[in-house]
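Me: I'd like to learn how to read a structure feature by feature. Can we walk through this one together?

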Amino acid sequence: MKYFYSLLVFALVSSASLAQTTAVLRGPYLQSPSSSGIKIKWRTDSICNSRVYYGTSPSDLNQYVEDLLDTVNHTIAITGLNPFT
């Protein structure tokens with residue numbers, strides 16, 4: 001594939017309730033790569049919102065995208081990426 005991303009991602013699933021723990025049942029996995037973006041998807045065992053931290057190094061995950069909609073099937077689209085990053 002021409003557009004290969006070595007995008008380092010870390011998915012953080014924040015729970016709707018502090019007393020409730022949320023487990024990831026499927027994923028996270030990458031989908032729909034393009035020259036400037038990618039989607040990250042996963043499924044949880046309970047309804048919660050979504051957040052993905054990302055960066056160019058595992059020690060510098062200084063950006064994030066979040067969706068405050070509570071769901072069990074999560075999709076986060078990261079856009080504005082440089083090719084091959």
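**Reading the chain**

Reply: Let's start with contacts, meaning heavy atoms within 4.5 Å. Among contacts in this chain between residues at least 6 apart in sequence, 58% join residues at least 24 apart. Bear in mind that this is a predicted model: local features need pLDDT of at least 70, side-chain atom pairs count only at pLDDT 80 or more, and totals for chains, interfaces and linings use all residues. Residues are numbered from 1 along each chain as its sequence is written, and side-chain values use heavy atoms, with hydrogens and water left out.

Me: How many helices and strands are there in the chain?

Reply: Helices (H or I, at least four residues) and strands (E, at least two) are DSSP runs, numbered from the N terminus. Here you get zero helices and four strands, so the pattern along the sequence is simply β-β-β-β.

Me: And how do I read strand pairing? Which way do β2 and β3 run?

Reply: Two strands pair if DSSP finds at least two bridges between them. β2 and β3 run antiparallel, joined by five bridges. One bridge to look for puts Y29 opposite its partner K41 in β3. These two strands form a hairpin with five residues between them. β3 also pairs with β4, again in the antiparallel sense, over 13 bridges. There, R51 has E66 in β4 as its bridge partner.

Me: Which backbone angles should I check around that hairpin?

Reply: Try S32, in the loop between β2 and β3. S32 has a positive phi of about 55° although it is not a glycine. Then look at the peptide bond from G27 to P28, which is cis, with omega near 0°. P28 is found in strand β2.

Me: Is S32 buried or exposed?

Reply: Neither extreme, as it happens. Buried means under 20% relative accessible area, exposed over 50%, and partly exposed in between (1.4 Å probe, protein chains only). With a relative accessible area of 45%, S32 is partly exposed. For the chain, buried residues make up 22% of the 85 residues.

Me: What does the chain expose in total?

Reply: Areas like this come from the Shrake-Rupley method with a 1.4 Å probe; for residues, only the protein chains shown count as cover. The chain exposes about 5500 Å², and carbon and sulfur atoms supply 54% of that.

Me: Which residues make up the largest nonpolar core?

Reply: A nonpolar core is a set of buried Ala, Val, Leu, Ile, Met, Phe, Trp, Tyr and Cys residues joined through side-chain atoms within 4.5 Å. The largest one here has eight residues: I38, I40, W42, V52, Y54, I76, I78 and L81. β3 and β4 each supply at least two residues of this core, and the largest share, five residues, comes from β3. Take I40 as an example: it lies in strand β3 and is buried, with a relative accessible area of 1%. Its C-alpha atom and that of H74 are separated by 8.0 Å, although the two residues are 34 apart along the chain.

Me: How do I read an aromatic pair?

Reply: A pair of aromatic rings is described by the distance of the centres and the angle of the planes. Rings of Phe, Tyr and Trp (its six-membered ring) pair if their centres lie within 6.5 Å; planes under 30 degrees apart count as stacked, over 60 as edge-to-face and the rest as tilted. A search of the whole structure finds one such pair. Y53 and Y64 form it, tilted, at 5.5 Å centre to centre with 50° between the planes. Y53 lies in β3 (residues 37–55) and Y64 in β4 (residues 63–79), so the pair ties together parts that are 11 residues apart in sequence. Y53 is partly exposed at 22%, and Y64 is partly exposed at 44%.

Me: What sits over the ring of Y64?

Reply: A charge sits over a ring if NZ of Lys or CZ of Arg is within 6 Å of the ring centre and within 35 degrees of the ring normal. In this model the charged end of R51 sits over the ring of Y64, 4.8 Å from its centre.

Me: What does T21 touch, leaving aside its neighbours within four places in sequence?

Reply: T21 is in contact with D45 and S46. T21 lies in the loop between β1 (8–15) and β2 (24–31) and counts as exposed, at 69% relative accessibility. T21 and D45 are 24 residues apart in sequence and 9.3 Å apart in space, C-alpha to C-alpha. T22, in the loop between β1 and β2, counts as partly exposed at 23%. The C-alpha atoms of T22 and S46 are separated by 6.0 Å.
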